[in-house]
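Let's take a look at the pockets of this protein and at what lines them. Have the sequence and the 3D view open as you read.

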Amino acid sequence: MGAVAAALGLWQLLTGLDIDLWLRFSQFPTVTDVAHAFADRLGGADYWKDLTDSLTRIATGFLLAAVLGLAVGVLVARSPLAEDLLGPLLEMIRPIPAIALVPVAILLFPSNEQGIVFITFTAAFFPVLVSTRHSVRALTPVWEEAVLTMGGGRWRILGSVVLPGALPGIFGGLSVGIGVSWICVISAEMISGQYGVGYRTWQDYTIVNYPGVFVGMVTIGLLGWLTSTAVELAGRRLTRWLPRTSHVPSARPTASRPRTPARRAPAAVRRTEHPSDTEGARDEHLV
């Protein structure tokens with residue numbers, strides 16, 4: 001939070017003094033202007049309507065992407081036939097940006113709402129698919145062989161080896177997917193939406209309401225942070241069995257003490273030792 005406070009303080013300083021060096025901060029609203037606009041928005045019904053619409057679109061598209069991405073990723077990783085049939089098609093579609101599919105969504109779906117959900121789904125689907133595929137393929141075969149040795153079948157391997165072993169990688173893809181989903185749903189709302197945070201932000205820009213634009217940007221950032229944190233917390237809860245690395249402060253180096261040389265036995269004692277005594281002790285030990 002210290003970094004956020006420092007960034008806000010620097011923003012207020014540069015905009016309050018109308019600094020125009022290479023960047024034109026005089027065109028920016030101040031932090032206080034954005035805070036007043038934010039307070040006004042919180043008191044209106046439109047803000048909460050836009051918030052609900054964007055969250056509904058994200059939840060629908062992201063959940064569909066999580067389920068289908070997980071299923072297709074496991075299928076492609078475990079089945080050579082599925083890899084041969086679906087692999088080339090998926091790799092051809094994957095490089096296409098999800099936002100570039102907006103014209104396809106407009107032509108394909110009868111309503112803008114369904115098209116925006118489709119864009120959100122496409123944005124999150126491929127990160128989940130790729131992370132799941134790589135995580136499943138990285139599992140060691142010894143675990144699967146152990147389950148087969150104990151009489152387990154295919155579904156037993158899937159439930160006790162494949163999915164638990166791939167969970168860390170799967171949640172890594174989910175974390176990336178939720179962030180990309182927010183980027184694409186806001187862009188889709190700006191292009192073809194009628195409600196939503198992205199639509200309202202674009203409308204504020206068209207009427208030159210710059211504090212309102214920054215209210216939308218702050219809202220998007222907060223929503224993205226909260227949803228990403230929720231995914232991360234869910235991942236930690238479901239992978240509690242994994243060993244966690246913790247920071248252990250290094251111990252302070254202690255000055256090495258000089259070793260005192262071992263004292264030799266007195267000469268009188270050494271002289272009392274006789275070879276016959278030593279041989280007798282050795283013979284007694286052997287007996």
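## Two pockets and their linings

Helix H1 (2-16), helix H2 (31-42) and helix H10 (210-238) each chip in at least two residues to the lining of the largest pocket. Keep in mind that you're looking at a predicted model. H10 gives the largest share of that lining, with 5 residues.

So how big is the largest pocket? Its volume comes out at about 380 Å³. There are 14 residues lining the largest pocket, and those closest to its centre are Val4, Leu8, Trp11, Val218 and Leu222. Sort the lining by class and you get 14 nonpolar residues, with no polar and no charged ones.

Now for the second largest pocket, with a volume of about 240 Å³. Here, helix H3 (45-78) and helix H8 (154-192) are the elements that supply two or more residues to the lining. H8 gives the most, 5 residues.

Which residues line the second largest pocket? You can pick them out in the view: Val74, Leu75, Arg78 and Ser79, along with Arg154, Trp155, Ile157, Leu158 and Val162. By class, this lining has 6 nonpolar, 1 polar and 2 charged residues.

Here are the two pockets side by side:

| Pocket | Volume | Lining by class |
|---|---|---|
| Largest pocket | about 380 Å³ | 14 nonpolar residues, no polar residues, no charged residues |
| Second largest pocket | about 240 Å³ | 6 nonpolar residues, 1 polar residue, 2 charged residues |

Key:
Residues are numbered from 1 along each chain as its sequence is written. This is a predicted model: local features need pLDDT of at least 70, side-chain atom pairs count only at pLDDT 80 or more; totals for chains, interfaces and linings use all residues. Side-chain values use heavy atoms; hydrogens and water are left out. On a 1 Å grid over the protein atoms alone, a cavity is a set of points where a 1.4 Å probe fits but cannot get out, and a pocket is an open set with protein on both sides within 12 Å along at least five of seven lines; lining residues have an atom within 4 Å of a point. Grid points are joined across faces, edges and corners, and a volume is the space filled by probe spheres set on the points. Helices (H or I, at least four residues) and strands (E, at least two) are DSSP runs, numbered from the N terminus. Ala, Val, Leu, Ile, Met, Phe, Trp, Tyr, Cys and Pro count as nonpolar, Asp, Glu, Lys and Arg as charged, and the others, Gly among them, as polar.
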